[in-house]
Amino acid sequence: MISFVLCLLALIAGYFLYGRFIEHIIGPDDRPTPALVKADGVDFIVLPNWKVFMIQFLNIAGTGPIFGAIMGAKFGPASYLWIVFGCIFAGAVHDYLVGMLSIRNEGAGLPEIVGKYLGGGARKAMLVFTVFLLLLVGAVWVYSPAAILEQMAGTSTMWIILIFLYYIIATLMPIDQIIGRIYPFFALSLLFMAAALLVILVSKWPVIPEIWDGLGNKAMTVSSNWKDQIFPCLFITIACGAISGFHATQSPLMGRCLKSERMGRPIFYGAMITEGIVALVWAAVASYFFYGEPEPGYAVMQASSNDGFATAAPKVVYVVCQDWLGLVGGILAVIGVVAAPITSGDTAFRSARLIIADFLKMRQKSVVSRLSISIPLFVACLMLLFWQFANPDGFNVLWQYFGWCNQSLAVFALWTATVFLVRSGKCYWVTLLPALFMTTVCATYLFVSQQMLALPEAVGYPLGLSVMVLTLVAFIVWLRRYRQSSEHQ
């Protein structure tokens with residue numbers, strides 16, 4: 001628990017220290033924002049700052065900082081360090097810079113931003129890649145809350161239908177009608193859950209693995225079937241609590257609702273730090289659930305699980321909330337856990353609609369223009385869901401592909417931010433280093449993961465490192481050419 005407390009304090013300090021340093025690099029000012037210049041009453045609309053924060057937090061949260069942290073905690077206390085360092089130096093920087101770049105480019109979505117700084121080819125590739133990721137998000141975020149709600153009442157099919165109907169309505173409505181009114185309440189539910197679990201964690205002070213006990217792959221000491229290595233699998237598994245490319249599709253949504261650039265750090269950087277805290281809490285809870293001493297949590301909780309270490313993440317959430325928070329607290333906590341993925345799902349569709357509209361230069365003020373883009377998106381997502389149902393291991397497979405696509409998107413966003421900082425004459429190391437690290441993670445995962453190419457580790461790891469080296473060389477070559485051309489102008 002000492003490791004947990006130290007990591008919690010580090011996240012808070014990171015917001016005030018490193019977050020302010022990043023803000024100083026960008027230099028927010030009083031220029032008019034897209035919410036004022038392009039106000040349309042649908043997507044570009046000024047919202048109160050506290051609402052923007054709550055919506056941003058809920059949009060980026062999903063089940064990532066919960067399910068991802070639970071699955072990542074199986075690796076051991078190394079998960080704590082990834083959440084802390086990933087969140088402060090990569091994830092929060094990523095979210096803040098994409099949000100600010102969107103604001104300074106008339107509220108542009110991620111593909112448009114990438115195209116401006118990395119070229120037209122990258123823009124088209126990002127359009128396809130981003131929309132595909134958002135469809136994966138929609139499919140994953142339908143399934144996971146349905147799995148939790150099914151344990152309370154009804155069937156998963158019933159809940160999936162109801163959630164999907166809500167998606168359709170919320171995607172088409174102006175952002176201040178549903179999202180602006182009810183999302184702050186759902187965000188409070190999610191924060192209540194994390195705060196309640198934090199209080200109980202501190203009061204119980206369970207004996208759980210500490211960082212100084214070792215950073216090895218603890219899961220392999222418990223399960224002989226465990227094959228995933230800490231590198232790169234941990235950095236794919238815990239995404240939303242550390243760094244997530246999905247966030248790069250969400251920051252522009254709120255960038256279109258901010259009245260002032262000066263709120264960028266509290267909204268974008270702050271929401272990511274808050275998400276990191278939620279992930280850290282769940283990582284500690286899951287560490288107790290799987291590794292608590294003298295007995296793991298699953299063996300002593302009132303609503304015990306027969307699955308032990310193999311307990312699925314949704315069931316861990318249900319068991320912990322029932323046992324620790326009681327009936328009322330458990331209901332509020334589950335509402336938060338359920339609302340997070342649902343709300344992230346509908347904003348994923350909204351992001352996809354706006355990204356395609358930006359590419360096609362289609363105004364989205366009329367319902368007809370919104371429907372013309374949204375209907376094909378909904379049909380494509382339904383096809384993914386049907387495949388998921390037909391495949392017994394469909395959700396796990398979909399989650400793995402989502403994780404890799406998600407982190408790969410973060411790589412493109414970080415490289416875009418790096419080029420922006422270079423062209424602006426600002427300190428580009430703050431994004432270059434995480435860009436190189438995440439490039440290595442994604443390339444290595446592509447080569448060695450059992451869900452991807454599944455190459456032998458002796459081959460896959462050198463290939464992953466080679467991709468990083470080649471990327472760095474390409475960047476250095478571009479940087480020299482850019483500086484030479486700048487000197488001649």
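Let's start with a bit of vocabulary: a residue counts as buried when its relative accessible area is under 20%, as exposed when that area is over 50%, and as partly exposed in between. Keep those cut-offs handy as you look around the structure above, which is a predicted model.

Try them out on W205. This tryptophan has a relative accessible area of 44%, so W205 is partly exposed. You'll find W205 in the loop between helix 10 (179-204) and helix 11 (219-222). There is something else to notice here: W205 has a positive phi of about 45°, even though W205 is not a glycine. Why point that out? Most residues other than glycine have a negative phi.

W205 also belongs to a group. Together with I2, L6, L9, I12, F16, L17, V202 and W212, W205 makes up a nonpolar patch on the surface. The accessible area of these residues adds up to about 950 Å². Which helix gives the largest share of this nonpolar patch? That would be helix 1 (residues 2-16), with five residues. L9, one of the patch members, sits in helix 1.

W205 has company when it comes to phi, too. Go along the chain to A454, another residue other than glycine with a positive phi, in this case near 55°. A454 lies in the loop between helix 19 (429-448) and helix 20 (457-488). With a relative accessibility of 34%, A454 falls between the two cut-offs and therefore counts as partly exposed.

While we're on the backbone, have a look at the peptide bonds. Most peptide bonds are trans. The bond that joins F231 and P232, however, is cis, with an omega of about 10°. P232 belongs to helix 12 (residues 230-237). A cis peptide bond also runs from E293 to P294, where omega is near 5°. This time the proline is in a loop: P294 sits between helix 14 (264-291) and helix 15 (297-300).

Now back to the surface, but with charge in mind. K38, K361, R363 and K365 gather there in a patch of positive charge. Take R363 as an example from this patch. R363 is in the loop between helix 16 (313-360) and helix 17 (367-390). Is R363 buried or exposed? The relative accessible area of R363 is 65%, which is over 50%, so R363 is exposed.

A helix residue can be exposed as well. V128 is part of helix 8 (residues 120-149), and its relative accessibility of 59% means that V128 counts as exposed. To get a feel for distances, draw a line from the C-alpha atom of V128 to that of D307: these atoms are 39 Å apart, and the residues are separated by 179 places along the chain.

For a contrast, head to helix 4 (residues 49-61) and find Q56. Its relative accessibility is 0%, so Q56 counts as buried. What does Q56 touch? Leaving out residues up to four places away in sequence, Q56 is in contact with Q250, S251, M254, I267, F268 and A271.

Finally, let's go through some salt bridges, of which the model has nine. One of them pairs R353 with D43, and their closest N and O atoms are 3.3 Å apart. This pair links distant parts of the chain, as R353 is in helix 16 while D43 is in the loop between helix 3 (34-37) and helix 4, 310 residues apart. Both R353 and D43 are buried.

Another salt bridge joins R123 and E112, with 3.1 Å between the closest N and O atoms. Here R123 comes from helix 8 and E112 from helix 7 (residues 110-118), with their positions eleven residues apart in the chain. R123 and E112 are buried too.

Then there's R31, which forms a salt bridge with D29, the closest N and O atoms being 2.7 Å apart. Where do these partners fall on our scale? R31, at 37% relative accessibility, counts as partly exposed, and D29, at 23%, is partly exposed as well. The story of this pair goes on, since D29 and R31 are linked with R104 and E261 in a network of salt bridges.

Methods. Residues are numbered from 1 along each chain as its sequence is written. This is a predicted model: local features need pLDDT of at least 70, side-chain atom pairs count only at pLDDT 80 or more; totals for chains, interfaces and linings use all residues. Side-chain values use heavy atoms; hydrogens and water are left out. Patches are made of residues with over 30% relative accessible area and no salt bridge: like charges are joined within 9 Å, nonpolar side chains (Val, Leu, Ile, Met, Phe, Trp, Tyr) within 5 Å. Accessible areas come from the Shrake-Rupley method with a 1.4 Å probe; for residues, only the protein chains shown count as cover. A salt bridge is a side-chain nitrogen of Lys or Arg within 4 Å of a carboxyl oxygen of Asp or Glu. Lys and Arg count as positive and Asp and Glu as negative; His and the chain ends are not counted. The place of a charge is taken as NZ of Lys, CZ of Arg, CG of Asp or CD of Glu. Helices (H or I, at least four residues) and strands (E, at least two) are DSSP runs, numbered from the N terminus. Buried means under 20% relative accessible area, exposed over 50%, partly exposed in between (1.4 Å probe, protein chains only). Contact means heavy atoms within 4.5 Å.
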